[in-house]
Amino acid sequence: MKRREEMIYDSHYNRLALLGKEVRGVSIFDTTLRDGEQAPGIALSMDDKIRIASALSDLGVDVIEAGFAASGDSEKETIRKIKELNLPSKVCSLARSVKGDIDSVIDCDVDYVHTFLATSDIHLKYKLKMSREEVKAKAVDAIEYARSHGLTVQFSCEDATRTELDFLKEMHIAAQDAGASVINVPDTVGVIYPSAMTYLIEELAKVTKVPISVHCHNDMGLAVANSLAAVAAGAEMVHVCVNGLGERTGNAALEEIALGLYANFGVETVNMERIGAVSKMVSRITGYPIPYNKPIVGRNAFAHESGIHVHGVLNNAATYEAFRPELVGMDRHIILGKHSGAHSVRDRLNVLKVEFPDERMNELLAKIKEVSVGGKEIDDAELIAITDHILWSRGEEDPIKLKEFAVFTGKGVTATATVTVEVDGKKRTSSSIGIGPVDASINAIRCAVNEKITLEEYKLSAITGGSDSLCEATVVIKGAYDDRRLSVGKAVGLDIVATSVDATMEAINRDYIRGERS
Ligand code: KIV
Ligand code: ZN
């Protein structure tokens with residue numbers, strides 16, 4: 001990989017603010033298969049989980065929380081299968097602080113357990129109905145039990161960020177004395193603020209000798225910021241989910257944490273160039289779409305459309321990008337659409353090796369604007385079709401102008417079209433029916449222009465596969481001006497009927513122009 005400075009174009013204020021804060025190693029604890037799967041609507045099969053676990057391991061996460069063993073036999077079986085893959089990542093299971101749950105983890109043959117027990121007064125009063133002393137004793141018992149079976153234990157004080165500080169410190173001391181190797185600080189309902197997280201971690205670090213980890217939820221949109229603040233304050237492990245999946249609004253997104261750690265602290269935690277592919281894979285398997293504007297992996301993360309931005313990015317990507325897409329296995333997209341300017345269109349034509357004269361660029365931009373109504377993006381095949389069409393078209397005034405055109409169609413009704421054309425400055429309006437809207441429209445044009453016109457050939461094709469694809473209509477007619485000669489008309493557009501009408505008018509006009517010149 002290239003040097004960090006060549007990949008990231010961040011703010012120099014970050015370095016000033018973080019001066020003196022040295023962060024050495026940070027481990028990534030991925031809980032996509034546990035907290036991520038708890039997101040409403042996600043239900044992963046054993047095969048799904050195995051595929052995701054392998055991808056996470058290739059990505060290089062340190063720990064995979066593969067599930068919650070006590071939740072059922074098939075969950076146990078899945079965790080066992082993941083462990084049997086012998087992946088380089090450690091495989092862990094969640095467990096409540098009860099012996100039965102820890103026995104289920106032992107049944108899976110894993111050697112790492114994540115135990116938890118709530119410690120905030122709200123949870124003690126309304127959920128657990130236990131005193132602080134009882135909670136502490138229960139957590140300690142579970143940790144000691146797991147340790148006595150040879151398990152590595154990470155312990156979480158659930159709802160830590162709403163737990164009274166002295167009690168939280170007491171819990172940390174008790175957990176480490178009982179043998180926990182890592183103590184996690186969950187922001188269970190995503191309520192803490194970054195500088196408060198800094199304060200909390202610094203306070204806990206005063207009494208915690210084992211590494212501290214953080215598990216931040218995103219209810220207030222601060223999961224990533226809080227996790228990074230925790231790292232700056234001394235946390236050594238971050239819990240993440242791919243694409244920010246998880247309960248309610250999710251957990252800190254793996255991709256954002258990995259990038260944030262690298263950009264701000266120079267810490268490389270995972271194989272970042274695999275991030276894009278893993279994100280897509282998890283989205284496909286879970287059925288949770290990646291929002292277009294999702295940082296790092298969203299479709300728009302490296303997409304530029306407006307003329308000013310494209311011009312800047314083509315000269316130097318740092319003008320409008322925070323980091324290079326290849327750093328995270330993504331691609332840059334220069335989008336051709338409503339906001340495109342001549343620079344982006346010219347650049348795309350150069351890439352496609354399409355020669356197009358500068359003097360017709362305005363026509364091309366106008367056509368791109370016309371067909372990108374409603375936010376449609378123009379892909380390469382469509383751009384080529386539009387340029388072909390402009391180069392093929394005459395670029396001169398039509399002797400017969402289409403002034404108005406309307407078509408009425410539906411199921412169980414006869415398609416009817418009405419057109420108004422202008423010939424020699426005079427308007428002519430005609431209506432006609434047909435077996436469909438295209439047929440009715442072409443019939444109406446014939447009636448308005450010249451009844452002798454016959455349709456010899458008609459071809460319609462979608463340029464790309466999508467339902468919003470541009471279409472290309474080719475019409476061959478006879479008898480507009482000269483009834484022995486064939487005349488071809490072509491048009492490109494979004495609407496099948498309107499494009500067919502444009503192609504018909506083009507064929508008629510070509511025949512007229514040729515006829516009047518000969
Ligand atoms: O959000 C949370 O508190 C959890 C615990 C199990 C750590 O997911
Ligand atoms: Zn959680």
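Is His-217 buried or exposed? In this predicted model, His-217 is buried, with a relative accessible area of 4%.

**Figure 1. Coordination of the zinc ion (ligand 2) in the predicted model.** The donors to the zinc ion are Asp-35 through OD, His-215 through NE2 and His-217 through NE2, at 2.0 to 2.1 Å. Along the chain, these donors follow the spacing D-x179-H-x1-H. His-215 has 5% relative accessibility and therefore counts as buried, the cut-off being under 20%. For His-217, the relative accessible area is 4%, so this residue is likewise classed as buried.

**Figure 2. Residues around ligand 1.** The shell consists of Arg-34, Asp-35, Leu-94, His-114, Phe-116, Ser-156, Glu-158, Pro-186, Thr-188, His-215 and His-217. By character, these residues divide into 3 nonpolar, 5 polar and 3 charged. Strand S4 (112-118) contributes at least two residues of the shell, as does strand S5 (152-158).

**Figure 3. Polar contacts and burial of ligand 1.** A polar side-chain atom of Arg-34 is placed 3.0 Å from an oxygen atom of ligand 1. For Asp-35, a polar side-chain atom lies 3.1 Å from an oxygen atom of the ligand. His-215 likewise has a polar side-chain atom at 3.1 Å from an oxygen atom of ligand 1. Taken alone, ligand 1 exposes 260 Å², of which the protein buries 94%.

**Figure 4. Residues that belong to both sites.** Asp-35, His-215 and His-217 coordinate the zinc ion (ligand 2) and are also among the residues around ligand 1.

Technical notes
Residues are numbered from 1 along each chain as its sequence is written. Chains are lettered from A and ligands numbered from 1 in the order in which they are written. This is a predicted model: local features need pLDDT of at least 70, side-chain atom pairs count only at pLDDT 80 or more; totals for chains, interfaces and linings use all residues. Side-chain values use heavy atoms; hydrogens and water are left out. A residue is near a molecule or strand if one of its heavy atoms lies within 4 Å of it. A polar contact is a pair of N or O atoms within 3.5 Å; within protein, one must be able to donate a hydrogen and the other to accept it, and residues adjacent in sequence count only if both atoms are side-chain atoms. Accessible areas come from the Shrake-Rupley method with a 1.4 Å probe; for residues, only the protein chains shown count as cover. Helices (H or I, at least four residues) and strands (E, at least two) are DSSP runs, numbered from the N terminus. Ala, Val, Leu, Ile, Met, Phe, Trp, Tyr, Cys and Pro count as nonpolar, Asp, Glu, Lys and Arg as charged, and the others, Gly among them, as polar. Donors are N, O and S atoms within 2.8 Å of the metal (3.2 Å for Na, K and Ca); water is not among the atoms, so sites may look incomplete. Buried means under 20% relative accessible area, exposed over 50%, partly exposed in between (1.4 Å probe, protein chains only).
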